[in-house]
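Hi,

Here is the structure I said I would pass on. Have a look at it first, and my notes follow underneath.

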Amino acid sequence: MSDPARSRRLGSRRTRGVVACAALVLLAGCSTGQSVELAGPPPSAEDAQACRDLVADLPDTLAGLQRREVTGDTAYAAAWGDPAIVLVCGAADPAGRTDASTCVQVGRTGWYVPDSVLATTVDGDQTADVPTTELNFSPRVALLIPGRYRPEGFSDSIATIGPLVQRHFTKVGRCL
């Protein structure tokens, strides 16, 4: 017999991840001063409680930015600043990631950043938005840090979120 919660999910986990990442990019780019509307698939039933616990434990400030009001699936997401740094819990594995992909290690967490974004850093360009996904723990957490907050916004964000991920989630691997 199939699990009813699984049969109600739309698309594959990869497809949902691409949709969630696209929603992050669109939302974080909005600079309206109003609440941030978050749309996308909720985490799986088995990840939902851990995500709610993480979001409830998130700080009021991140990278020196005040937490913003969000609408939509607020139990699984948060935002800070304008334009918003956006966190979504229950994200899929990021598209384009391979076993050879680089991760930024902070404590026991491993944050995947696409090679194309890492290349901008090497080139001295600090303006590109930084999508990053934590890969050592489950469920996955995705962050989108607008380029205007680089470089400190990225390092401050993962340094703050990392210990919370370790506290609330299960270690499942090691992103190198």
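**What I found**

Thr132 is buried, with a relative accessible area of 1%. I started there because Thr132 is a handy way into the fold; keep in mind as you read that this is a predicted model. Thr132 lies in strand β9, and a polar atom of its side chain sits 2.9 Å from the backbone oxygen of Tyr112. Across the pairing with β11, Thr132 stands opposite Leu143. Leaving out neighbours within four places in sequence, the contacts of Thr132 include Trp111, Val113, Val141, Ala142 and Ile145, along with Phe154 and Ile158.

The strand around Thr132 is covered too: four of the five residues of β9 are buried. On one hand β9 pairs with β8 in the antiparallel sense over two bridges, with Glu134 of β9 as the bridge partner of Trp111. On the other hand β9 is joined to β11 by five bridges, again antiparallel.

**The sheet**

Zooming out, those strands belong to an open sheet of eight, in the order β2-β3-β5-β6-β11-β9-β8-β7, with antiparallel pairing. Which strands stand at the edges? They are β2 (61-62) and β7 (103-106); each has a single partner strand, so one side of each is left without a neighbour in the sheet. As a reminder, strands of a sheet pair through backbone hydrogen bonds, either parallel or antiparallel.

β6 is worth a look as well. Seven of the seven residues of β6 are buried, so this strand is largely enclosed by the rest of the structure. Strand β6 (residues 85-91) runs antiparallel to β5 (residues 77-80), and four bridges join the two. Within that pairing, Ala77 stands opposite Val88, and Trp80 has Ile85 as its bridge partner. β5 and β6 form a hairpin with four residues between them, and Gly81 in the turn has a positive phi of about 80 degrees. β6 also pairs with β11, antiparallel over five bridges, and there Val86 stands opposite Leu144.

**The helix across it**

Helix α5 (residues 152-168) lies across β2, β6, β7, β8 (109-112), β9 (130-134) and β11 (140-145), and runs at about 160 degrees to β11. Two serines in this helix make a nice pair to look at.

- Ser157 is in helix α5 and is buried, with a relative accessible area of 0%. A polar atom of its side chain lies 2.6 Å from the backbone oxygen of Gly153. Beyond its neighbours within four places in sequence, Ser157 is in contact with Leu62, Ala63, Ile85, Leu143 and Ile145.
- Ser155 is also found in helix α5, but at 35% relative accessibility it counts as partly exposed. Why does Ser155 count as partly exposed? Its 35% falls between the two cut-offs, since buried means under 20% and exposed means over 50%. The C-alpha atoms of Ser155 and Val106 are separated by 9.1 Å, although the two residues are 49 apart along the chain.

**Nonpolar cores**

In soluble globular proteins, nonpolar side chains tend to be buried together. Here the largest nonpolar core has 29 residues, and Leu58 and Ile161 have the most contacts inside it. Which elements each supply at least two residues of this core? They are α3 (45-57), β5, β6, β11 and α5. Another core, of eight residues, lies apart from the largest one, and includes Leu38, Val70, Ala77 and Ala79.

As for Leu58, not counting residues up to four places away in sequence, it touches Arg67, Ala78, Trp80, Leu87, Ile161 and Leu164.

**Whole-chain numbers**

A few totals, in case you want them to hand:

- The secondary structure comes to five helices and 12 strands.
- Of the 176 residues of the chain, 44% count as buried.
- Among contacts with a separation of 6 or more, 62% are between residues 24 or more positions apart.
- The accessible surface comes to about 8,800 Å², with 53% of that belonging to carbon and sulfur atoms.

Cheers

Note on methods:
Residues are numbered from 1 along each chain as its sequence is written. This is a predicted model: local features need pLDDT of at least 70, side-chain atom pairs count only at pLDDT 80 or more; totals for chains, interfaces and linings use all residues. Side-chain values use heavy atoms; hydrogens and water are left out. Two strands pair if DSSP finds at least two bridges between them. Contact means heavy atoms within 4.5 Å. Axes are lines fitted to C-alpha atoms, for helices over the stretch in contact, and angles run from 0 to 180 degrees between N-to-C directions. Buried means under 20% relative accessible area, exposed over 50%, partly exposed in between (1.4 Å probe, protein chains only). A polar contact is a pair of N or O atoms within 3.5 Å; within protein, one must be able to donate a hydrogen and the other to accept it, and residues adjacent in sequence count only if both atoms are side-chain atoms. A nonpolar core is a set of buried Ala, Val, Leu, Ile, Met, Phe, Trp, Tyr and Cys residues joined through side-chain atoms within 4.5 Å. Accessible areas come from the Shrake-Rupley method with a 1.4 Å probe; for residues, only the protein chains shown count as cover.
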